[in-house]
Amino acid sequence: MARALFINGGSEGHINPTIGVVKELISRGEEVVYFCIEAFRERMEETGATVRTFDGQKFIKAFISGGRDHLLERVNGLLLTADIVIPSVLEQIRGEQFDYMIHDSMFGCGRLLAQLLKLPAVSSCSSFAETPGSFEQMLEPFYTQVPAEVAAPIRDHFQSLTAMIKEKYGAEVHSPYEVFCNPAPLTIVYTTREFQPGGEAFDQTYKFVGPSISARSGWADFDFEAIKEKKTVYISLGTVFNQARDFYKLCFEAFGNTDYTVVMSVGNKVQIGDLGELPGNFIVKSYVPQIDVLPCAELFITHGGMNSAHEGLYYGVPLIVIPQSADQPNIARQVANLGAGVTLHMQSLTADQLRGTADHVLSLPAFKTAAAAVGESFRQSGGYMQAVDEIFEFKRQCQIK
């Protein structure tokens, strides 16, 4: 039995793919100490891991304080979280020994902690992976299009932060890529090489294991009888970009009193009572057990977060993707390229357009066929079981028992 130190951040999209991985590691005899924010303690304790936390509010505040307008500002925000995460982790594991670590590919200062602890490291990538070259392409507009008077202070801030980290912790930061992507000798990517843009560019240190989807417990408050054998449309904008009262009302206008049964998840930032009268064919909840509802759905209207897109396609459900931010436009593009769905734009969206697009997708069998094919490829890729196989092979190569 080996001891693994797992460092993660504080969002559903980065936590959920690791649930099955941690359960499987523990079932194979590993001991896992898992760091995250307090909000996910109970969820991760159910895996059997020992859960420790750092201050989630300070973590988010530090990340946001780096700035949001440019990619290098987000890199600086990640560096600013070092003073929240690193001292907390080091204090809580003082005197303990670990055989290897697994860290998120973005949050949690994983690469820095791997340096400090001198541990063999595995990167857990819950978004599309990036090569140094593709990341530089993402940064290029900052260097070529942002006015010098705006860009120079951001670059200077990056340099001062990397110098501070070297002086304070003795850890080296050589590039923004290392901060944003946390490269490691092994990177587990929770998608397939075919779904990954430019998948052929990644070497064998990147293992594309497909979506890591595992059962989640604790959500019994849903009447599945109400959607059985119905033409069900499921609508969710995820857990981050879901403060969208106007969009939810637009969905009422598009699908209210139609032949569709509509399940809509609105999160906890919007009060259902503030949405007005609910159409009789709508089931609206703050939280919906997504991986249980999707097998009953014929269409998924989503923001296109990686977890949501993966889960919809895993169950062969065509998507209408309405991207909000981050990597969602890229995910939407991949869905459309595969013929498994279409993309709409929130800014110009109308009820007639949404209803017409839903009718179009559901009337053409090609969308269902393409989604089913992607789902089959996802299921064949191995998911969390394959991820743990790859981790154990990595252990063998590192001579970890």
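**Close-up views of a predicted model**

**View 1. Strands β11 and β12 lie side by side.** Strand β11 (residues 299–302) and strand β12 (residues 319–321) run parallel and are joined by three bridges. One residue pair marks the register: I301 has I320 of β12 as its bridge partner. The model shown here and in every other view is predicted.

**View 2. β11 and β12 belong to an open sheet of six strands.** The strand order is β10-β9-β8-β11-β12-β13, and the pairing is parallel. Which strands stand at the edges? They are β10 (282–285) and β13 (341–343). Each has a single partner strand, so one side of each is left without a neighbour in the sheet. Neighbouring strands are turned by 15° against each other on average, direction ignored. Strands of a sheet pair through backbone hydrogen bonds, either parallel or antiparallel.

**View 3. Helix α13 packs on this sheet.** Helix α13 covers residues 328–337 and touches β12 and β13. The direction of α13 makes about 140° with that of β13.

**View 4. Strands β2 and β3 form a parallel pair.** Five bridges connect β2 (residues 31–37) with β3. Within this pair, C36 has T53 of β3 as its bridge partner. Strand β3 spans residues 50–54 and is mostly covered. How many of its five residues are buried? Four of the five are.

**View 5. S123 sits in strand β5.** The strand runs over residues 121–125. Is S123 buried or exposed? S123 counts as buried because its relative accessibility is 1%, and the cut-off for buried is under 20%. Leaving aside residues up to four places away in sequence, S123 touches H103, D104 and S105. Its other contacts on that count are C181, N182, A184, L186, T187 and I188. One of these contacts, N182, reappears in the cavity lining of the next view.

**View 6. The largest cavity has a volume of about 100 Å³.** The model holds two cavities of 30 Å³ or more. Rolling a probe the size of a water molecule over the atoms shows where empty space is left. The lining of the largest cavity includes L78, L79, T81, M106, G108 and C109. R111, L112, V173, E178, V179 and N182 also line this cavity. Which elements give two or more residues to the lining? They are α4 (71–80), α6 (110–117) and α9 (176–181). By residue type, the lining divides into seven nonpolar, three polar and two charged.

**View 7. The second largest cavity has a volume of about 80 Å³.** Twelve residues line this cavity. Closest to its centre are P17, P211, S212, N307 and H310. Two elements give two or more residues to the lining: α1 (12–27) and α12 (306–314). The largest share, four residues, comes from α12. The lining divides into five nonpolar, five polar and two charged residues.

**View 8. L364 lies between two helices.** L364 is found in the loop between α14 (351–363) and α15 (365–380). L364 is partly exposed, with a relative accessible area of 37%. That value falls between the cut-offs of 20% for buried and 50% for exposed. How far apart are L364 and A387 in sequence and in space? They are 23 residues apart in sequence and 35 Å apart in space, C-alpha to C-alpha.

Terms used: Residues numbered from 1 in each chain as written. Predicted model: local features only at pLDDT ≥ 70, side-chain atom pairs only at ≥ 80, totals over all residues. Heavy atoms only, no water. 1 Å grid on protein atoms, 1.4 Å probe; cavity = no way out; pocket = protein on both sides within 12 Å on 5 of 7 lines; lining within 4 Å. Points joined across faces, edges and corners; volume = space filled by probe spheres on them. Nonpolar A, V, L, I, M, F, W, Y, C, P; charged D, E, K, R; others polar. Buried < 20%, exposed > 50% of the residue type's maximum accessible area, 1.4 Å probe, protein only. Pairing = 2+ DSSP bridges. Axes fitted to C-alpha atoms, helices over the stretch in contact; angles between N-to-C directions. Contact = heavy atoms within 4.5 Å.
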